[in-house]
Amino acid sequence: MMVAFMACGGGDDEDDNVKKPDYIAANEELEMPDANETTLSIKANCKWTLYPEVDWLSVDPASGENNGKVTITASPNKTGARRSGTIYMRNEAGTLENKVVVSQKAAPENSFVPEPGENPLPG
């Protein structure tokens, strides 16, 4: 499991008149098993959106507000080689950004890995 943190300034601290510096921090790397999913925990005090840069990664939900959990799903890696892609996390204003690099091993040779939702039994 990976934890990501994003803050957008302000908050319920002792002195609400003092704006805290904005920041985004996240684990920078994530290893995904083939055709599997994991949970990303987000801690935030603003609206946020996640943008996977590759089509083999999906996030659900792709946006939210304040703290939340996101499911990251990787489709089967049938490329024959290790692959990696980036998921970008941005605040609503687009002024804060961080990224998580996701790596995935290739499926073993001669293995059958069904696509998500695909019937694993022929016929």
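Contact here means heavy atoms within 4.5 Å. With that in hand, here's a quick tour of one sheet and one of its residues, keeping in mind that this is a predicted model. The sheet is open, has 5 strands and runs in the order β3-β10-β9-β5-β7, with mixed pairing.

**The sheet as a whole**
- Its edge strands are β3 (29-32) and β7 (63-65), each of which pairs on one side only.
- On average, neighbouring strands in this sheet are turned by 25 degrees against each other, direction ignored.

**Who pairs with whom**
- Strand β9 (residues 83-91) and strand β10 (residues 97-104) run antiparallel and are joined by 8 bridges.
- If you want a spot to look at in that pairing, Arg83 stands opposite Gln104 in β10.
- β9 also pairs with β5, again in the antiparallel sense, over 5 bridges.
- There, Tyr51 sits opposite Tyr88 in β9.
- Strand β5 (residues 47-52) pairs with β7 as well, antiparallel and over 3 bridges.
- For that pair, check out Lys47, which stands opposite Glu65 in β7.

**A closer look at Ser103**
- Ser103 is part of strand β10.
- Is Ser103 buried or exposed? Ser103 counts as buried, because its relative accessibility is 16% and the cut-off for buried is under 20%.
- Leaving aside residues up to four places away in sequence, Ser103 touches Leu30, Glu31 and Met32, along with Arg82, Arg83 and Ser84.

How values were computed
Residues numbered from 1 in each chain as written. Predicted model: local features only at pLDDT ≥ 70, side-chain atom pairs only at ≥ 80, totals over all residues. Heavy atoms only, no water. Pairing = 2+ DSSP bridges. Helix = DSSP H or I, 4+ residues; strand = E, 2+ residues; numbered from the N terminus. Axes fitted to C-alpha atoms, helices over the stretch in contact; angles between N-to-C directions. Buried < 20%, exposed > 50% of the residue type's maximum accessible area, 1.4 Å probe, protein only.
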